[in-house]
Amino acid sequence: YLLLIALYKHSILNIFNRRLPTTFRKMIPSLGAHLSLLRPLEIIFRYLTYSWRVLPDIIVLGEVRCGTTSFCEQLASLEEFDCYQPFCLWAHPELDKKETFYFVGHYLGQVTPRHYRMCFPLQITKWWCNFKWNMIRRCSWRKEHKQRIKPFLTFDGCAQYLTSPSAPYLIAQAYYEANVPPPILVACIRDPIDQTISWWKYENNAMAWGESMGLDKWNTELRSIKYPPKSIEEALNLSQHLEDSYMEAETLFSGGVESYGTFAGRKELQTVETYHLPPWAMTWPGGQLSGIGRNGLFASNIERYESIFRATFIDNIMKEDGEEIVTESKTKFVNILQLERLSSADSLKKFLISILKENAERKEEGERASFQDAIDEFQCSARGLSHVHRNVGSSKVKSRTIMVDKTMTRLKKHFIQDSIRLYDLCGADYGIKINEPLSLTENTTTSD
């Protein structure tokens with residue numbers, strides 16, 4: 001019960017950005033909602049057994065409102081693999097079995113890298129999975145069953161990691177300390193202006209949900225009296241005003257290294273430290289709406305991950321025939337998925353095959369063979385991918401500020417340089433031109 005109350009207070013103050021209700025009567029709606037959503041007993045059990053658990057093979061970094069939920073559903077539905085979904089402390093249909101929220105501070109601000117395993121299956125579960133399918137393969141006389149070994153696969157799909165200034169350091173360290181190859185990183189992207197509009201609408205829905213629980217006073221001591229911003233224009237101003245806060249948050253767990261560096265030589269020091277994300281840095285510095293204007297800087301966020309992971313794991317990149325394995329894009333660690341590819345079964349299947357092959361190359365020899373067999377079966381399968389479209393963010397807000405020409409022009413100017421770099425990275429061309437005709441109608445695509 002103590003953990004439940006602590007999680008409740010932490011959620012109200014730092015995630016919903018509200019003040020705690022002053023009376024028990026006012027507390028009942030929000031406390032009842034949290035009682036139905038939170039899982040304190042399972043959190044305790046998982047923390048106690050974290051050292052006996054595995055790290056995920058694939059981490060979908062985000063971005064928010066870019067199809068991450070739909071993509072994770074596709075991963076979980078791969079019939080050729082025994083896929084285990086991650087633990088989420090929120091039993092919410094849009095979040096559960098998809099994202100952990102671990103490195104953005106939802107677990108009372110604790111972000112210790114070695115505890116990240118608590119969100120994933122036990123090692124004995126992986127052993128049993130491999131043992132089970134090996135026994136089926138050996139005992140079956142039918143040829144088709146001998147080919148039906150299903151490799152163990154697990155993932156995390158926290159869409160807030162890509163923009164988080166501290167998450168890349170913590171993720172890299174979790175794998176470095178475990179002495180295992182880095183995970184397959186996936187960044188989902190879309191037109192940055194569409195992403196901005198969709199995230200604005202989604203967060204307004206979330207704020208309306210908070211108000212429906214009786215949370216009517218903002219935590220101004222944490223976010224200031226200017227939060228939440230009343231328009232996209234104000235949110236963009238807030239984001240740019242918080243530049244120093246984002247830079248400070250990036251140094252929280254970088255070990256004081258001025259440039260992106262490895263953890264070599266200070267592994268022992270980092271391991272014994274307690275990692276705590278301060279409230280001002282959750283889940284992004286300045287609150288969720290400070291992501292307006294930052295979430296759409298895809299190239300900058302992807303390059304930050306690339307720099308940190310290159311410095312940490314460059315000596316451990318798997319090689320084949322003497323050449324470094326690369327992804328479809330120019331990046332070495334981050335695989336970039338455009339939202340448009342989610343609507344094309346063939347294109348999405350090619351992307352899935354690409355990252356699964358990359359994951360297979362990072363496995364040990366025996367496990368690698370079973371992975372490759374499953375990939376070959378998936379590649380030859382005539383079965384089409386199921387159409388998944390979750391988390392559409394239908395609006396609970398009756399009205400909102402209409403995007404005016406001035407705001408649209410400002411967003412285009414804000415994103416244009418990053419969009420040019422994004423095109424160089426992966427060929428994504430969102431055609432952001434300053435002088436093209438403007439429209440007051442919002443794009444209705446709201447995928448996450």
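**Close-up views of a predicted model**

**Figure 1. Cys188 is buried, at 0% relative accessibility.** The structure shown here and in the views that follow is a predicted model. Two cysteine sulfurs count as a disulfide when they lie within 2.5 Å of each other, and under this rule the model has 0 disulfides. Cys158 takes part in no disulfide, and its nearest cysteine sulfur, that of Cys88, is 8.5 Å away. Cys158 is likewise a buried residue, with a relative accessible area of 0%. Cys188 is also in no disulfide; the nearest cysteine sulfur belongs to Cys66 and is 7.1 Å away.

**Figure 2. The setting of the close-up views is a protein of 448 residues.** Its secondary structure consists of 16 helices and 7 strands. Buried residues form 55% of the protein. Among contacts with a separation of 6 or more, 80% are between residues 24 or more positions apart.

**Figure 3. Helix α1 packs against helix α3.** Two packed helices are described by the angle between their axes and by the distance between those axes. Helix α1 covers residues 2-15 and helix α3 covers residues 40-48; the angle is about 105° and the axes are 9 Å apart. Because angles of 65 to 115 degrees count as roughly perpendicular, α1 is roughly perpendicular to α3. On the α1 side, the contact is made by Leu3, Leu4 and Leu7, and on the α3 side by Pro40, Ile43 and Ile44. The contact of α1 with α3 has 6 nonpolar residues, no polar residues and no charged residues.

**Figure 4. Helix α10 packs against helix α16.** Helix α10 spans residues 232-241, and helix α16 spans residues 405-426. Their axes are 10 Å apart and meet at an angle of about 35°. The crossing of α10 and α16 is left-handed. From α10, the residues in the contact are Ile232, Glu233, Leu236, Asn237 and Gln240, while α16 contributes Lys406, Thr407, Arg410, Leu411 and His414. By class, 3 residues of this contact are nonpolar, 4 are polar and 3 are charged.

**Figure 5. The loop between β1 and α4 contains Glu63 and Arg65.** Most residues other than glycine have a negative phi, and most peptide bonds are trans. The bond that joins Gly62 and Glu63 is a cis peptide bond, with omega about 15°. Glu63 is placed in the loop that runs between β1 (58-62) and α4 (68-76). Arg65 is not a glycine, yet its phi is positive, at about 65°. The relative accessibility of Arg65 is 1%, and residues under 20% count as buried, so Arg65 counts as buried.

**Figure 6. The loop between α9 and α10 contains Ser224 and Pro228.** Helix α9 covers residues 220-223. Ser224 has a positive phi near 80°, although this residue is other than glycine. The relative accessibility of Ser224 is 33%, and values between 20% and 50% count as partly exposed, so Ser224 counts as partly exposed. Further along the loop, a cis peptide bond joins Tyr227 and Pro228, with omega about 5°.

Definitions and conventions. Residues are numbered from 1 along each chain as its sequence is written. This is a predicted model: local features need pLDDT of at least 70, side-chain atom pairs count only at pLDDT 80 or more; totals for chains, interfaces and linings use all residues. Side-chain values use heavy atoms; hydrogens and water are left out. Buried means under 20% relative accessible area, exposed over 50%, partly exposed in between (1.4 Å probe, protein chains only). Axes are lines fitted to C-alpha atoms, for helices over the stretch in contact, and angles run from 0 to 180 degrees between N-to-C directions. Helices (H or I, at least four residues) and strands (E, at least two) are DSSP runs, numbered from the N terminus. Angles under 35 degrees count as roughly parallel, over 145 as roughly antiparallel, 65 to 115 as roughly perpendicular and the rest as oblique. Contact means heavy atoms within 4.5 Å. Ala, Val, Leu, Ile, Met, Phe, Trp, Tyr, Cys and Pro count as nonpolar, Asp, Glu, Lys and Arg as charged, and the others, Gly among them, as polar. A crossing is left-handed if the near helix is turned anticlockwise from the far one by less than a right angle, and right-handed if clockwise.
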